[in-house]
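Colleague: I am new to this model. Please take a close look at one part, and then say what else is worth knowing about its surroundings.

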Amino acid sequence: MTERARADVEAPGPGGGRPVPEAVHLGLTAAEVAERVTRGEVNDVPVRSSRSTTDIIRANVFTRFNAIIGVLFAIILFVGPIQDGLFGFVIVANTGIGIVQELRAKKTLDNLAVIGEARPTVRRDGVAAQIPTNEVVLSDVLELGPGDKIIVDGEVLETDGLEVDESLLTGEADPVLKKPGDRMMSGSFVVAGAGAFTATKVGREAYAAQLAEEASRFTLVHSELRTGISQILKYVTWMMVPTALGLILSHLLTLGLPADEAIRRMVAGIVPMIPEGLVLLTSVAFAIGVIRLGRKQCLVQELPAIEGLARVDVVCLDKTGTLTEGGMDVRELRALAEDGTDVREHRARNGAGTSYVPRVLAALGAADPRPNASLQAIIDAYPPDTADSWRCTASLPFSSARKYSGARLTAPDGDHTTWLLGAPDVLLPPGDATLAETDALNAQGLRVLLLAATDRPLDAPDVTSSLHPTALVVLEQRLRPDASDTLRYFADQGVQAKVISGDNAVSVGAVAAELGLPGADAPVDARRLPTDPAAMAAPLTEGTVFGRVSPTQKRDMVAALQSGGHNVAMTGDGVNDVLALKDADIGVAMGTGSEATRAVAQIVLLNNSFATLPSVVAEGRRVIGNITRVATLFLTKTVYSVLLAILVAACQIPYPYLPRHLTLLSTLTIGVPAFFLALAPNKERAQPHFVRRVMRYAIPSGLITGTAAFATYLLARSYYTGPGALPAETSAATLTLFLAALWVLAIIARPYTWWRIALVLTMALGFVIVLATPWLQRFFDLRLVGTTMPWAAVGIAALASAALELTWRWVARRFPA
C-alpha cells in the first residue's frame with residue numbers, strides 16, 4: 001500500500017468509519033446489504049457466553065430426582081394428608097431459586113460478553129467500520145489484522161504479509177501464508193500481516209464456524225465437583241429402587257398396614273435418600289460466584305472455570321500485557337556503526353552521520369497499518385509524517401515466530417534498502433559485539449530492538465544473513481502497579497508463578513526481579529530447552545523465568561507441566577498465547593487482548609487487571625470449600641436414611657417416620673443452614689478427591705446418627721403401648737435424630753464465628769418452637785409423651801454426639817485430605 005493510500009485509509013469517514021481507497025475492494029452497498037438481510041443471508045449464529053434461558057429452566061426442572069420426587073409428591077397428594085407432601089413444595093422452591101440465580105448469572109455474563117465482544121471491520125459503500133458479528137452478511141468484505149479471529153468462511157481478496165493460524169481447526173501448527181484467492185476458514189486467526197477477504201458462507205452454513213465455536217467456546221472445563229456429585233447421585237439411584245420395594249412389601253404384606261399408611265412410610269424412607277438440594281446449592285454457588293466476579297469486570301465464560309482456577313497450582317504468565325501494561329515508551333535511540341561500534345567512533349573515522357535513523361523508523365511505522373505495542377511506541381516517538389520522502393515499496397509484518405518485522409524502503413536519493421526491526425539476539429549472530437550492549441540494557445529490564453539494513457530482498461530466505469546494524473531502539477516497559485502484590489498472593493497460596501515470554505530472557509528476568517518474583521535472577525533462554533516435552537519437564541520445574549519462547553513452545557511447556565501432574569493456568573493477551581491458552585487447564589485472557597485469545601479463554605479480565613485473578617481464586621475456593629462442607633450434611637442424611645430403611649425392613653417393623661417429620665428435620669439441619677454455609681466466606685485451599693473427602697465423614701456420621709435414632713425407636717417400642725404408641729415412638733426417635741443431626745451441623749459449621757453459632761442455635765430454637773406450639777405439634781404429628789422416654793432420647797443423642805466427635809477426629813488423623 002502506498003503512503004498516499006494509507007493516509008486515505010486512516011482519515012475518518014462519515015458515521016465513525018474511514019474511507020477506503022478506490023484501489024481496493026470497496027465492499028457492498030447499503031442496498032445490497034439490505035437485500036441479503038431480506039434473504040436471510042446473515043451471520044446469525046449466536047455467540048453465547050452462557051446457557052440459554054430455555055436450557056437453564058430445562059436443566060433445573062427436568063432432572064432425574066425432580067422426576068422421582070414429583071411422582072412421590074403426586075402419590076402423597078392422592079393418599080394425603082398435605083403435610084406429608086411438604087417435601088414437594090420444598091423442591092419447587094429450590095428449583096425456583098436455582099433458576100432465578102442462574103438467570104441472574106446469565107444476565108451478568110451476557111452483559112459482560114457484549115462489553116468484551118470484538119467487532120469485525122467491514123467495508124460497505126467504500127467506508128470501513130466496525131459492526132457486530134451477527135450483522136455480517138454474505139459477500140461482505142472484512143478487513144483483518146494481527147489477532148483478529150476469522151468469523152465466517154471466505155476467500156482472500158487482499159494480502160499484506162497475511163499469515164493465518166489454522167491449528168485449532170486442522171492441527172497444523174505452522175502459520176499459513178495467504179494469497180488472493182485462498183480459502184479462509186472461520187475459527188482460524190491472524191498471527192501476522194493484514195488483508196481482506198469476502199464472506200462466502202455465513203451463519204449456520206459455515207460449517208467450519210460451528211466446529212471452531214464448539215472447539216473453543218464450548219470446550220467444557222473439567223469440574224470435579226459436578227463429576228463427583230453425579231457419581232454420588234448415580235449410586236443413590238441404584239439404592240433407591242430396591243429400598244422402596246423392600247419398604248412397601250414389608251409394610252403391606254408382613255405388617256399388614258393400610259395401603260395409604262404403607263405408602264406414606266415408604267415415601268418417608270425414600271425421600272431423604274435424595275440429596276436434591278446438593279445439586280441446587282452447587283449451581284447457586286457457581287452462579288453467585290459469577291455475579292460477584294462480574295461486578296469486578298471478570299467474565300467467566302464457563303461456570304466451572306471458577307473451580308478450575310482454584311485448583312491450579314502453576315500459573316504461567318505472559319510478561320507483556322500481564323506483568324507490564326500494554327503500552328511502552330522509547331527511552332533512548334542508540335545509533336551504531338555498521339561494524340557494531342559506537343556511532344561517535346564511526347563518525348570520527350568516516351565523518352558520516354546517522355540523522356536518517358529517525359526517518360527510517362518513522363517510515364517503518366507508517367508501513368504497518370496494525371502495529372504491535374513496540375512499534376506503536378516507535379510511532380509515538382517518530383510519527384509517520386516525519387519520514388519525509390522515505391517510501392515503502394514492500395513490508396513484512398511482525399511475527400512472534402520470526403521475532404522481527406521489516407520493509408523495503410526507497411531513500412530520498414533513490415537508493416533501495418531493506419530494513420529489519422526486531423530482536424538483536426535473533427537478527428545478529430552469536431558473539432556479535434552489539435549483543436554485549438543489548439545484554440546490559442536487558443539486565444535493566446529494558447526491551448531492546450535492533451534496526452538493521454541489508455541489500456537483500458525482503459522476501460529472500462537468507463534476508464538476515466548479512467545485516468548491517470544501524471541503531472538500537474531502547475524501550476521502557478510500564479510495570480503494572482498491582483502485579484507485585486498479585487505475585488505475592490500466589491506465593492502465599494502455594495501457587496507457582498512462571499513467566500513465559502517471547503522477549504529476551506535477561507530482560508524478562510529483570511522485570512520479574514523488580515516485581516519480587518523468586519527465581520527471577522536465573523532466567524532461561526527457551527531456545528536452549530529440549531524439544532521433547534518429557535525432557536522439558538525438569539528445567540520447567542526448576543526455572544521460573546523463560547524468555548524467547550515461541551508460540552508452539554508455550555503450548556509444549558503447558559503440556560510438560562501437565563504431564564508432571566500440575567493443574568496449569570495460562571494468562572495472555574496476544575495471538576502468540578492462543579495455543580497455550582487453549583491447552584491449559586484454565587485460560588485467562590485480558591480484555592484488550594486479541595479476539596482469538598478471548599475466544600479460547602475460559603476467563604476474560606475485561607478490566608485488564610492481573611490483580612483480579614486472586615478474586616477468582618478466592619471465589620473458587622469459597623465454592624469448593626463450602627460445597628464440600630454442605631455435601632457432608634446432605635450425604636449424612638442419605639446414609640442414615642438408607643441405614644434406617646434397611647434396619648426397618650430387616651426387623652419387620654414399621655418405618656418410624658412420616659414424610660413431614662423428615663421434611664422438618666431436613667429443613668432445620670440441612671436445607672436452611674446449608675444455604676448460608678454454601679455462600680459464606682471460605683479461604684481453605686482447594687483439595688482434590690471430592691467424593692473421597694466427603695464420604696470419609698458422611699458415612700460414619702450417617703451410620704452413627706441412624707443407629708442412634710433406631711436405638712431410640714426400639715427402646716420407645718418397648719416402652720410405649722396402646723393405640724397411640726406409634727406416634728409417641730416416632731416423636732422420641734425424631735428427637736434423637738434431630739439432636740444428632742444438629743451436632744453434625746455444629747461440627748461442620750466450625751470454625752465458629754458469631755453468625756455460625758447463631759445459625760446453629762436458631763435451628764435448635766426452631767425445633768423447640770415446633771415442640772412447644774400446639775398447632776405445630778398437630779401439623780407435624782410430634783408430641784413427646786411423658787418425661788422418661790424423651791430424656792432417654794436426649795441421652796442417646798448425647799452419646800451419639802460424643803461418638804461423632806471422636807470419629808471425626810479419628811478420621812482426620814487416619815484419612816487426611
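Modeller: Helices (H or I, at least four residues) and strands (E, at least two) are DSSP runs numbered from the N terminus. The model is predicted: local features need pLDDT of at least 70, side-chain atom pairs need 80 or more, and totals for chains, interfaces and linings use all residues. Residues are numbered from 1 along each chain as its sequence is written, and side-chain values use heavy atoms, without hydrogens and water.

The part I choose is the largest cavity, which holds about 110 Å³ of space. Among the 13 residues that line this cavity, Leu 364, Asp 368, Leu 396, Pro 397 and Gly 406 are the closest to its centre. At least two lining residues come from each of helix 13 (357-367), strand 12 (391-399) and strand 13 (404-410). A search of the whole structure gives five cavities of 30 Å³ or more. (A cavity is a set of points on a 1 Å grid over the protein atoms alone where a 1.4 Å probe fits but cannot get out, and lining residues have an atom within 4 Å of a point; the volume is the space filled by probe spheres on points joined across faces, edges and corners.)

From the cavity I turn to the salt bridges (a side-chain nitrogen of Lys or Arg within 4 Å of a carboxyl oxygen of Asp or Glu). The structure holds 21 of them. One is between Glu 619 and Arg 292, whose closest N and O atoms are 3.5 Å apart. Glu 619 belongs to helix 23 (residues 613-651) and Arg 292 to helix 10 (residues 276-294), so this pair ties together parts that are 327 residues apart in sequence. Glu 619 is buried, at 8% relative accessible area, while Arg 292, at 30%, is partly exposed (buried is under 20%, exposed over 50%, partly exposed in between, with a 1.4 Å probe and protein chains only).

A second bridge joins Glu 729 and Arg 717, with 3.8 Å between the closest N and O atoms. Glu 729 is in helix 26 and Arg 717 in helix 25 (residues 690-719), so the parts tied together are 12 residues apart in sequence. Glu 729 counts as buried because its relative accessibility is 5%, and Arg 717 counts as partly exposed at 33%.

The side chains of Glu 805 and Arg 750 also meet in a salt bridge, at 2.5 Å from N to O. This pair links distant parts of the chain, 55 residues apart: Glu 805 is in helix 29, and Arg 750 is in the loop between helix 26 and helix 27. Glu 805 is buried, with a relative accessible area of 12%, and Arg 750 is partly exposed, with 29%. In addition, Asp 425, Asp 525, Arg 527, Arg 528 and Arg 548 are linked in a network of salt bridges.

Arg 750 has a further feature: a cis peptide bond joins it to Pro 751, with omega about -5°. Pro 751 is in the loop between helix 26 (725-748) and helix 27 (754-772).

Two aspartates have unusual backbone angles, because most residues other than glycine have a negative phi. Asp 781 has a positive phi near 55°; this residue is in the loop between helix 28 (774-780) and helix 29 (788-814), and is partly exposed at 29%. Asp 125 also has a positive phi, about 55°. Its place is the loop between strand 2 (121-124) and strand 3 (127-130), and at 47% relative accessibility Asp 125 counts as partly exposed.

How values were computed. On a 1 Å grid over the protein atoms alone, a cavity is a set of points where a 1.4 Å probe fits but cannot get out, and a pocket is an open set with protein on both sides within 12 Å along at least five of seven lines; lining residues have an atom within 4 Å of a point.
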